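Here are my notes on this structure, set out as numbered points. Please read them with the sequence and the 3D view side by side.

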Amino acid sequence: RRGIRRISTGVKSLDELLGGGIETKAITELVGEFGSGKTQLCHQLSVMVQLPEDKGGLKAKALYVDTENTFRPERIMQMAKYRGLDPQEALKNILYARAYNSDHQMMIIEESKKIIEKENIGLIVIDSLVAHFRSEYPGRENLAERQQKLNHHIAQLLRIADIYNVAVVVTNQVVAQPDVFFGNPLKPAGGNVIAHGATYRVWLRKGKENVRIAKIFDSPYHPEREVTFRITEEGVVD
Ligand code: ATP
Ligand code: MG
């Protein structure tokens, strides 16, 4: 992919793992159990994208699509202050959209093209990508329709990422695999559609106290190495 740009996560080890940060023209999926730091990383990247290039950003704005009502302006302001940005300005540079259901979520992304053409957007966040789809299309009988819609949504995101040279970061939940007796009993939700649609998949899990562990999975280009980081008052840090 030509002309790709990178956004630093603000965490050295995580940037190294990702080959320099989150890429534009790609979808990066953050997957992990509750409290693993997905939303915290989404907040942090919405701040980091605003930094100048020499500080790891794109000097651009973020579009934040929130499906679970977990966006916290105060948290953005804390992180912005620590990164040397004006907290109020940083908050203004995050265009916030609350998605109330899966159709609304897809419509927001469809409409986002107009915003990206007008504003200098470097990052699109969807936290969470799959939650509405999972609750609205439960069970095997709705699986085909759900996966078809998700597939359309992800293809749309990838197209936008590519055309406008923006980074897309989505979060995903983990689900139990009751038939697995050895190895990891958890797997990402969304099945093959997300597995094939996401360019990079980052698995997050909790360590002791504020420590979190990240690894890239499903990638032929990345080593299955684990790195650790912490979540503190300052945000997501080494
Ligand atoms: P879910 O699946 O429930 O959405 P998640 O992966 O999005 O979970 P986050 O909300 O990113 O999880 O992480 C929450 C955790 O981040 C908290 O449990 C806490 O440990 C940490 N955290 C959040 N805010 C702060 C803060 N101001 N100071 C220190 N740690 C914090
Ligand atoms: Mg969350």
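1. In this predicted model, the buried residues of helix α5 are covered by several other elements, including the strands β4 (61–66), β5 (94–98) and β6 (121–127) and the helices α6 (131–136) and α7 (143–164). The residues of α5 that are buried in this way are S102, Q105, M106, I108, I109, S112 and I116.

2. The length of α5 can be checked with simple arithmetic: the helix has 17 residues (102–118), and at 1.5 Å a residue it should span 24 Å, which agrees with the 25 Å between its end C-alpha atoms. The helix nevertheless contains a kink of about 35 degrees, centred on S112, and S112 is also listed among the buried residues of α5.

3. At the N-terminal end of α5, please look at N101, which acts as a cap: one of its side-chain oxygens lies 3.2 Å from the backbone nitrogen of D103.

4. Which residues are the closest to ligand 1? They are G35, G37, K38, T39 and Q40, out of 14 residues that surround ligand 1. The helix α2 (38–48), the helix α3 (73–82) and the strand β12 (226–232) each give two or more residues to this shell, and α2 provides the largest share, with 3 residues.

5. Some individual polar contacts with ligand 1 deserve a closer look. An N or O atom in the side chain of K38 is 2.8 Å from an oxygen atom of the ligand, while S36 uses a backbone N or O atom, which lies 3.3 Å from a ligand oxygen. E233 places a polar side-chain atom 3.4 Å from a nitrogen atom of ligand 1. On its own, ligand 1 has 650 Å² of accessible area, and the protein covers 64% of this.

6. Some backbone details are worth checking, because most residues other than glycine have a negative phi and most peptide bonds are trans. The bond that joins D127 and S128 is a cis peptide bond, with omega at about 5 degrees, and S128 is found in the loop between β6 and α6.

7. Positive phi values are found at K59, where phi is near 50 degrees, and at N69, where phi is near 60 degrees. K59 is in the loop between α2 and β4, and it counts as exposed because its relative accessibility is 56%, above the cut-off of 50%. N69 lies in the loop between β4 and α3, and its relative accessible area of 42% makes it partly exposed.

Key:
Residues numbered from 1 in each chain as written. Chains lettered and ligands numbered in written order. Predicted model: local features only at pLDDT ≥ 70, side-chain atom pairs only at ≥ 80, totals over all residues. Heavy atoms only, no water. Helix = DSSP H or I, 4+ residues; strand = E, 2+ residues; numbered from the N terminus. Expected span 1.5 Å × (residues − 1). Bend = angle between axes of the 7 residues up to and from the residue. Buried < 20%, exposed > 50% of the residue type's maximum accessible area, 1.4 Å probe, protein only. Contact = heavy atoms within 4.5 Å. Polar contact = N/O pair within 3.5 Å; in protein donor to acceptor, adjacent residues only side chain to side chain. Near = heavy atom within 4 Å. Areas by Shrake-Rupley, 256 points an atom, 1.4 Å probe, with all protein chains shown as cover.
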